[in-house]
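Student: Could you help me learn how to read a protein structure, one feature at a time? I would like to hear the general idea and then see the case at hand.

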Amino acid sequence: MLFKGPQIKNTRKEEAAMFIQAWWRGTLVRRTLLHAALRACIIQRWWKQILMKLVEKRKRLALDFYVHQEWAVVKLQSWVRMWPIRVRYCRLLHSVRIIQIYWRWHNCRTRGFIQGDYILKESQLNLQLEISLGTQACRVQQCIPLPIKE
């Protein structure tokens, strides 16, 4: 047989006081849980913001890397396209210089003179020469197209 303590009857005031105390304890527990939930929500939002900033930073770095690679490819392509045109231009320039050297040498020997100029435009070389040998004059004008692909 178990020992049972003396049974105490509660009065109405005590029951009302116990009801109010139980309600207050419940309110405190609910308030504590609400504050804990709000703090957890604040921490979760902060963490999501940190993660979003990291994702944005990674995207930005990936985009910058891609742009840098594209720029390098375009630069390389332009150099490759430019090379044959440059070779052709250098050959023409070398030819012009050889002609100038021979004519200057000839000018010194015959007391004639050469006047001329050349204009390098977008896709052509305009060459104008005027050669005077004593009383004779010869004018040469030539337009040489440069092979530039559009």
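Student: What share of the residues in the chain is buried?

Tutor: This is a predicted model, and every value we discuss is computed from it. A residue counts as buried when its relative accessible area is under 20%, and in this chain of 150 residues the buried ones make up 10%.

Student: How many helices and strands does the chain have, and which pattern do they follow?

Tutor: There is one helix, together with three strands, and when you read along the sequence they appear in the pattern α-β-β-β. The helix, α1, covers residues 12–110, while β1 covers 113–120 and β2 covers 124–133; strand β3 takes in residues 136–145.

Student: How do we look for empty space, and how many cavities of 30 Å³ or more are found in the whole structure?

Tutor: The general idea is that rolling a probe the size of a water molecule over the atoms shows where empty space is left. For the whole structure, the search finds one cavity of 30 Å³ or more, and the volume of this largest cavity is about 40 Å³.

Student: Which residues line the largest cavity, and how do they divide into nonpolar, polar and charged?

Tutor: Its lining is made of Tyr-89, Leu-92, Leu-93, Val-96, Tyr-118 and Leu-125, and these divide into six nonpolar, no polar and no charged residues. Helix α1 gives the largest share of this lining, with four residues.

Student: What is the volume of the largest pocket, and which residues are closest to its centre?

Tutor: The largest pocket has a volume of about 180 Å³. It is lined by 13 residues, and those closest to its centre are Gln-100, Arg-104, Ile-114, Gly-116 and Leu-129. Two or more lining residues come from each of α1, β1 and β2, and the largest share, six residues, belongs to α1. Sorted by character, the lining of the largest pocket has seven nonpolar, four polar and two charged residues.

Student: Why does the largest pocket lie between domain 1 and domain 2?

Tutor: To place a pocket, one asks which parts of the chain give residues to its lining. Here domain 1 (10–111) and domain 2 (112–149) both do so, and therefore the largest pocket lies between them.

Student: How many salt bridges does the structure hold, and which side chains meet in one?

Tutor: For a salt bridge, a side-chain nitrogen of Lys or Arg has to lie within 4 Å of a carboxyl oxygen of Asp or Glu. The structure holds one salt bridge, in which the side chains of Glu-130 and Arg-139 meet at 3.2 Å, N to O. Glu-130 is partly exposed, because its relative accessible area is 27%, whereas Arg-139, at 65%, counts as exposed.

Student: How many aromatic pairs does the search find, and at what angle do their planes lie?

Tutor: Two aromatic pairs are found in the whole structure. In one of them, the ring centres of Trp-23 and Trp-24 are 6.1 Å apart and the planes stand at 45°, so this pair is tilted. In the other, the rings of Trp-46 and Trp-47 have centres 6.0 Å apart, again with planes at 45°, so this pair is tilted as well. As for accessibility, Trp-24 is partly exposed at 41%, and Trp-47 is partly exposed at 46%.

Student: Where is Cys-143, and how far apart are Cys-143 and Gln-124 in space?

Tutor: When you compare distance along the sequence with distance in space, you begin to see how the chain folds back. Cys-143 is in strand β3 and is partly exposed, with a relative accessible area of 42%. Cys-143 and Gln-124 are 19 residues apart in sequence, and their C-alpha atoms are 6.6 Å apart in space.

Student: Which strand holds Cys-138, and is Cys-138 buried or partly exposed?

Tutor: Cys-138 is found in strand β3, and its relative accessibility of 38% makes it partly exposed. Between Cys-138 and Ile-114 there are 9.4 Å in space, C-alpha to C-alpha, although the two residues are 24 apart in sequence.

Note on methods: Residues numbered from 1 in each chain as written. Predicted model: local features only at pLDDT ≥ 70, side-chain atom pairs only at ≥ 80, totals over all residues. Heavy atoms only, no water. 1 Å grid on protein atoms, 1.4 Å probe; cavity = no way out; pocket = protein on both sides within 12 Å on 5 of 7 lines; lining within 4 Å. Points joined across faces, edges and corners; volume = space filled by probe spheres on them. Nonpolar A, V, L, I, M, F, W, Y, C, P; charged D, E, K, R; others polar. Domains from an automatic or database assignment. Buried < 20%, exposed > 50% of the residue type's maximum accessible area, 1.4 Å probe, protein only. Phe/Tyr/Trp six-rings, centres within 6.5 Å; stacked < 30°, edge-to-face > 60°.
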